[in-house]
Amino acid sequence: MAKKPLQKLELTWIGKGDEPKLEPRILVENPEYSYGDPDSENMLIHGDNLLALKALEQDYAGKVKCIYIDPPFNTGAAFDHYDDGVEHSIWLDLMHRRLTILHTLLHNEGSIFIHLDDNEVDYCKIILDEIFSRDNFINRITLEARSPSAFSTVNPGVFKASEYILWYAKNKSNWESRSMRVESNRDTAYNKFIVNRDLDESEWAFLPLKQIFLESLNEDRLGIIHQFIADIYKCRGFSKRQIENWIRVHFPLQLLINIKQVSSYLHAKLKKIDDLDTFKLSVYKYILEKCSYNYSEKDMDRFVFDHAKYVYRDTEISDDGAGQETVNLKYQSIEQPNKVFKLERNNGLDTIYIYNGKQISFYSKNIEEIDGKLTSTKLLTNVWTDISWEGIANEGRVKFKKGKKPEKLLERCIQLTSNDGDLVLDSFLGSGTTAAVAHKMGRRYIGIELGDHAITHCYPRLKAVVDGEQGGISKSVNWKGGGGFKYYTLAPSLLKKDKFDNWIISKEYNADMLAAAMSKQEGFKFNPHESIYWKQGQSSERDYIYTTTQFLTVESLDQIKDEMQPDETLLICCKSYQKECKSKYPGITIKKIPQMLLGRCEFGKDDYSFNIINSPLMESDISDEEPETSIEKISVQELSDEKKKSTKKQKDYPGLFD
């Protein structure tokens, strides 16, 4: 009986499993658009992002700590020239290819954020489960990305305000889980005050927060209030009108909100004075509050924040999940009312206070300094409503209608997943927000953008960041400028077809470019030796590669062999060679180019893009003029000539194209 093929649950689409073998291109710096520190490791890459990711794979595999991407949402408008089913498959196929390489680039402790709307977010999660594993799913974040307005709510139905971020780790067991607190309204459940917490718990006194606040607010008025209360007995037997007139004569009217209301209160109290001390206390509290009409909620908040270690709330203690020690103290405190019980855990780092059967939590754990000021906070959840999209149009001094994301959003993602000096990557850079924020936060970064806005948006935005622009998060992170970035383009395909339909080496490649490209093709790191011309790249400490377009003779091979150490090996890539060279030395392997490259990858293709027709409207308020020379028209030969690092050659030996 034939065995049934192994089945699995998976998402499939047209073209799955037929992914092309990508050509590992080299990157060529364009010094004209590099800016700032010449030793900067930051990279702005202009080119197809799938080819650019492949170009990064060899040198950056496992090195990126945080990835944020904001790919096309596939709303239909960008793909309306496709059949709907094909459109969906295209989106899934293009995303799967990119996410596969991004997984390779991610550090073992790193994580990735994918920003989408509800058109494809659920399908993308299935792809991510396949590539990253469901076990490495961290969270789905819901963003309040827009608010309803008269213009946007004319159509019936529920207004769509949310977007989503899928958050995965490379390896959740190695991922550093971090919590974060965000600004919130003051929690009024913290409504009591401990005036002497600095003393032993046995001496604590619990007083109303409002009373202490009002006393602090009215320190200059207390003398007037006390005198008023001492004299109030003269009004015993007075009518409401008489008390009101007496107040007008004897009390500063500007301190009271409503004289009639105060008069009515005093008239009722003066009718029944059973206990003089109780009367004085109740009148004192009442008058104190009525004399404090000119404070705001901000005054109250500031008072609470400044005294947060004394402000507390009490909560019920569950007998089920609080822990046996805590439950025991709960019942001891009920049996001994007004006594504070203290339980220290984790070597004294964690302290629990229990009073009258309830646990006391101090507000100090909810107060943090955000953007230079003390504020009330709450734990960050997976619903982010506190980041405003309003007012971001001019962030970074560039406009990117309907495509720009707030710098605050990127700051949060980067802060949750990386530290100073870590590498951040965005392969759908758009207007450059991710790179700008990473730069301001002291991270290294790689940004990839296919469109012209690599020049019209990303370049001027990052240039402004280096110069110290003060938009976005600049003030909150105390950004003053500095650093730099290098601008790269993808080299053209290494091979192209001639008029006879034969594959040949592209004439746009000069000596250094060809040597670098062959090193990458063969898995070597391009690192030319200062004096030994044939040591152009290394794959290990003793393994080297040498590329030449010249005819390799036995004499040339003998001289190379004489310079090699006994334990060194060498791969020679050349256009042709004497047949006697082929197996002359066991430590030297010789391969022909371009024949050695044929069939290993897809040459001659430069565009694996999403084919978006309606890209976001691109405007720049830095410059309305087109650059004199577009990036597409700058040849790789010209770029390389501007920044040429020729390998030092041995005398009497020709160069690659000599």
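In the predicted model, Gln 538 lies opposite Tyr 544 of strand S26. A second residue, Gly 537, stands opposite Ile 545 in S26. These positions belong to the pairing of strand S25 (residues 537–540) with strand S26 (residues 543–552), where the two strands run antiparallel and are joined by three bridges. The connection from S25 to S26 is a hairpin through two residues.

Gly 537 also takes part in pairing with strand S24, being the bridge partner in S25 of Phe 526. S24 and S25 run antiparallel, and two bridges join them.

Both pairings form part of an open sheet of five strands, arranged in the order S24-S25-S26-S27-S28. The pairing within this sheet is mixed. The edges are occupied by S24 (525–526) and S28 (588–592). Each of these two strands has a single partner strand, so one side of each lacks a neighbour in the sheet. Helix H15 (residues 554–563) packs on the sheet, where the helix touches S26, strand S27 (569–577) and S28. The direction of H15 makes about 160 degrees with that of S26.

A helix pair was examined in another part of the chain. The axes of helix H6 (residues 240–250) and helix H7 (residues 259–271) come within 9 Å, crossing at roughly 120 degrees. Because of this angle, H6 is classed as oblique to H7. The crossing in which H6 passes H7 is right-handed.

On the H6 side, the contact is made by Lys 240, Ile 243, Glu 244, Ile 247 and Arg 248. The residues they meet in H7 are Ile 259, Lys 260, Val 262, Ser 263, Ser 264, Leu 266, His 267 and Leu 270. Sorted by class, the contact of H6 with H7 comprises six nonpolar, three polar and four charged residues.

For the protein overall, the model contains 16 helices and 29 strands. Of the 658 residues in the protein, 47% are buried. Contacts were also considered by separation along the sequence. Among those between residues at least 6 apart in sequence, 72% join residues at least 24 apart.

Notes. Residues numbered from 1 in each chain as written. Predicted model: local features only at pLDDT ≥ 70, side-chain atom pairs only at ≥ 80, totals over all residues. Heavy atoms only, no water. Axes fitted to C-alpha atoms, helices over the stretch in contact; angles between N-to-C directions. Helix = DSSP H or I, 4+ residues; strand = E, 2+ residues; numbered from the N terminus. Parallel < 35°, antiparallel > 145°, perpendicular 65-115°, else oblique. Left-handed = near helix turned anticlockwise from the far one by under 90°. Contact = heavy atoms within 4.5 Å. Nonpolar A, V, L, I, M, F, W, Y, C, P; charged D, E, K, R; others polar. Pairing = 2+ DSSP bridges. Buried < 20%, exposed > 50% of the residue type's maximum accessible area, 1.4 Å probe, protein only.
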